[in-house]
Structure formats: structure tokens, C-alpha cells
Amino acid sequence: MISEQTRARFDREVAKYPADQKQSAVMACLTILQEEHGYVSAESEKVVAEYLGMAPIAVHEVTTFYNMYNQRPVGKYKLNVCTNLPCQLRDGAKALKHLEHKLGIAMGETSADGLFTLQQSECLGACADSPVMLVNDLTMCSFMSNEKLDQLIEGLQSAEAKQP
């Protein structure tokens, strides 16, 4: 079941498409639920499927195809490191290993303090800037040397320490 506020947000997204193509709003609806809950659960997928008149598997296919949808709770900072071939050739794998060591977690895990989730990503479209990573699906970080990775992590940790 969704709240009236969520239903209104869904309605606004669906209104952007012709009436017979409301399924086109699937990504927007998934994003709305993720904003509200922090991730897209199997139950959330069913809600979207029912609302848009889609098969639940069709919604699940969207959720699992894109890195931006979290299928389980993640840390406050989700770090997606590109491991596609161009980044691999320019130390993408080394960047991922460096972060695993620095954070004390393996790829796919969340740090004990709940701050960081480390994930690998397919091409982020910035091959010339590799190695690259995406923070919280919003901020692209380029040319991520070990020093720049350390600065990023320490800066985020420092910002958290200053929070009341």
C-alpha cells in the first residue's frame, strides 16, 4: 500500500506519458519509492507493477538492470567504481581494491558504521577520465588515484563526524 502523497507523485509521473503508455513511468516510480525507503524491496516492485498494470517480473527486470536501484539497504554513501575494460586498463580494479582495503569491506558490502557501500559498476561513460566512480548515483569522480580516493573517504568521514 502506498500513501496518498506517494500516489500523487506517481500520478504526476504517469501524466507525462500518453494514457496507453503509463508503464513508461516505471523508472520514476521506482525512484520515488527508493527515495522514501532507501531501497527498492520486492514489495515495492509489486506496488509499482500493480499501479502501472505491469507484470511484476517486468518491474524486477528494470530494478536489477540499473545500478541506481538498491535492492537492499545501503550505506549513506554508495560508491560505484567502474570496472569496465577502459577503467580496468587505467587502474579501475586497483581503485576498487584500494577502497576495499581502506574501508575494510569487500565489494558489495556495507561498512560496519553504515556509512559506505562499495559496488562495482559497468561503464559510467567517462572512459577518458578513468578510473572513475559515482557517489550516491549523483556525483561523478574522475581520475581516482589512491590519494584522491583517500581524500574522498576522509572528507566524507570528517563531514559525518561534524554532524550533530
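**Entry 1: H6 and H7**

I began with the crossing of two helices and noted that H6 passes H7 in a right-handed manner. The model I am reading is a predicted one, and I keep that in mind for every value below. For the geometry of this pair I looked up the axes, and I find helix H6 (residues 92-103) packed against helix H7 (residues 146-161) at an angle of about 40 degrees, with the axes 10 Å apart. I therefore record H6 and H7 as oblique to each other. I then listed who touches whom: from H6 the participants are Lys94, Ala95, His98, Leu99, Lys102 and Leu103, and they meet Asn146, Leu149, Asp150, Ile153 and Glu154 of H7. Sorted by class, the residues in this contact of H6 with H7 come out as five nonpolar, two polar and four charged.

**Entry 2: overall layout**

Next I stepped back to the whole chain, in which I count seven helices and four strands. Reading from the N terminus, I wrote the order of elements down as α-α-α-α-β-α-α-β-β-β-α. For the extent of the chain I took the C-alpha atoms along the principal axes, and they fill a box of roughly 50 × 40 × 25 Å.

**Entry 3: H1 and H2**

How do H1 and H2 pack, and at what angle? I find an angle of about 155 degrees between H1 and H2, with their axes 9 Å apart. Since angles over 145 degrees count as roughly antiparallel, that makes H1 roughly antiparallel to H2. I also noted that the crossing of H1 and H2 is right-handed. On the H1 side the contact is made by Thr6, Arg9, Phe10 and Glu13, while H2 contributes Ala28, Cys29, Ile32, Leu33, Glu35 and Glu36. By class, I have five nonpolar, one polar and four charged residues for the contact of H1 with H2.

Two residues from that list, Arg9 and Glu35, held my attention, because their side chains meet in a salt bridge, at 2.6 Å from N to O, which is inside the 4 Å cut-off. Arg9 belongs to helix H1 (residues 4-14) and Glu35 to helix H2 (residues 26-37), so the pair ties together parts that are 26 residues apart in sequence. By the rule I used, the count of salt bridges comes to nine.

**Entry 4: H3 and H4**

I turned to helix H3 (residues 42-52) and helix H4 (residues 56-65), which pack at an angle of about 125 degrees with their axes 8 Å apart. H3 and H4 are therefore entered as oblique to each other. The crossing of H3 and H4 is right-handed. Glu45, Val48 and Ala49 of H3 make the contact with Pro56, Val59, His60 and Thr63 of H4. Sorting the contact of H3 with H4 by class gave me four nonpolar, two polar and one charged residues.

**Entry 5: the sheet**

In what order do the strands of the sheet stand? I read it as S2-S1-S3-S4, an open sheet of four strands whose pairing is mixed. Strand S2 (116-121) and strand S4 (139-141) stand at the edges with a single partner strand each, so one side of each is left without a neighbour in the sheet. I looked up the twist as well: neighbouring strands of this sheet are turned against each other by 25 degrees on average, with direction ignored.

As a reminder to myself, strands of a sheet pair through backbone hydrogen bonds, either parallel or antiparallel. For strand S1 (residues 77-82) and S2 the sense is parallel, over six bridges. To fix the register I noted that Asn80 stands opposite Gln119 in S2.

**Entry 6: backbone details in the loops**

Where does Pro131 sit? Its place is in the loop between S2 and strand S3 (133-135), and the peptide bond that joins Ser130 and Pro131 is cis, with omega at about -5 degrees. In the loop between S3 and S4 I found Asn136. Phi of Asn136 is near 55 degrees, and I flagged this as a positive value in a residue other than glycine.

Technical notes: Residues numbered from 1 in each chain as written. Predicted model: local features only at pLDDT ≥ 70, side-chain atom pairs only at ≥ 80, totals over all residues. Heavy atoms only, no water. Pairing = 2+ DSSP bridges. Axes fitted to C-alpha atoms, helices over the stretch in contact; angles between N-to-C directions. Parallel < 35°, antiparallel > 145°, perpendicular 65-115°, else oblique. Left-handed = near helix turned anticlockwise from the far one by under 90°. Contact = heavy atoms within 4.5 Å. Nonpolar A, V, L, I, M, F, W, Y, C, P; charged D, E, K, R; others polar.
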